[in-house]
Amino acid sequence: MILFLAGTSDARELAIEMQQVGHKVLATVVTESAAKSLQDAGISTRIGRLSAEDMTSLISAKGFQAVVDASHPFAEEASKNALNGAKAANVPYIRYERESQRFQNDKLIVVRDYEEAAKLAAEKRGVIMLTTGSKTLAVFAKELVGLENTRLIARMLPRMDNMEKCAQLGIEQKNIVAIQGPFSKELNKALYEQYGVTLMITKESGKVGAVDEKLEAALECGIETIMISRPDVDYQNVHSSFDHVIAELNKQQIEK
């Protein structure tokens, strides 16, 4: 059996394909909705975050033969825990990651991390649409909520805990766009125009993460964009196609 870290829509498709070729998969996820999506496709799931020690114990207890890390490109801690857990349990680690995209435009600024993005946005001010999710919302709220000549629009999944977080951080309901993607370029444009956005903040999640639609829409509307680059994780055994992941499992002689 394979321990599978699932964090994206393409991770779900990879899990399905692995199971279709005969591998037994247990997917670990952090939300009920992600678990349901996988369960609907016949994939066994486990809900909850795992430390490196948790990962090692689970691998040993269940007899997993490999770890396939298909977590989100920005799930840095999860990947590091998977790397360390697999190493401690002495099983192969395989990383699946969406290919990175390269963008060039005068209105695009690439920064290293969330803190740098928030401070730069505070310098620019205006109507700022944040599309990086709720996990690091506090970083941006600290710099932008209540700042003169600044309106922070938070676009995020329509979950109760997200709404509660916004309330705690002082983000008013009128400044919340609670909606689940992916979004077409046209819908992105409509949202930018509706709110009069002057600055958009995103992260380089890859094409499946709809970064290109967000960015193309912003640039076509003449909206300046701050893009956060991917975390610098020293991955091992990285692949960007399903076929290569499955070939690696075969190479490692993982039993079916």
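## Pairing of β2 with β3

In this predicted model, strands β2 and β3 (residues 44-47) run parallel to each other and are joined over four bridges. One pair to look for is Thr28 with its bridge partner Arg46 in β3. Between these strands the chain travels from β2 through α2 to β3, making a right-handed β-α-β crossover.

## The other neighbour, β1

Strand β2 also pairs with β1, again in the parallel sense and over four bridges. Here Leu3 has Leu26 of β2 as its bridge partner. The connection involves helix α1: together, β1, α1 and β2 form a right-handed β-α-β unit.

## How enclosed is β2?

Now to the surroundings of the strand itself. Five of the five residues of β2 are buried, so the rest of the structure largely encloses this strand. If you follow the side chains, Val25, Ala27 and Val29 point one way, while Leu26 and Thr28 point the other way, and all are buried.

## Helix α1 and its packing

Helix α1 covers residues 9-20, which makes 12 residues. From first C-alpha to last, α1 reaches 17 Å, close to the 16 Å expected at 1.5 Å a residue. After the helix comes Gly22, with a positive phi near 115°.

Which residues of α1 are buried? They are Asp10, Ala11, Leu14, Ala15, Ile16 and Met18. The buried residues of α1 pack against the strands β1 (2-6), β2 (25-29), β4 (66-70) and β5 (93-96), and against the helices α2 (32-40) and α10 (242-251).

Conventions:
Residues numbered from 1 in each chain as written. Predicted model: local features only at pLDDT ≥ 70, side-chain atom pairs only at ≥ 80, totals over all residues. Heavy atoms only, no water. Helix = DSSP H or I, 4+ residues; strand = E, 2+ residues; numbered from the N terminus. Expected span 1.5 Å × (residues − 1). Buried < 20%, exposed > 50% of the residue type's maximum accessible area, 1.4 Å probe, protein only. Contact = heavy atoms within 4.5 Å. Pairing = 2+ DSSP bridges. Right-handed = clockwise from strand over helix to strand, strands pointing away.
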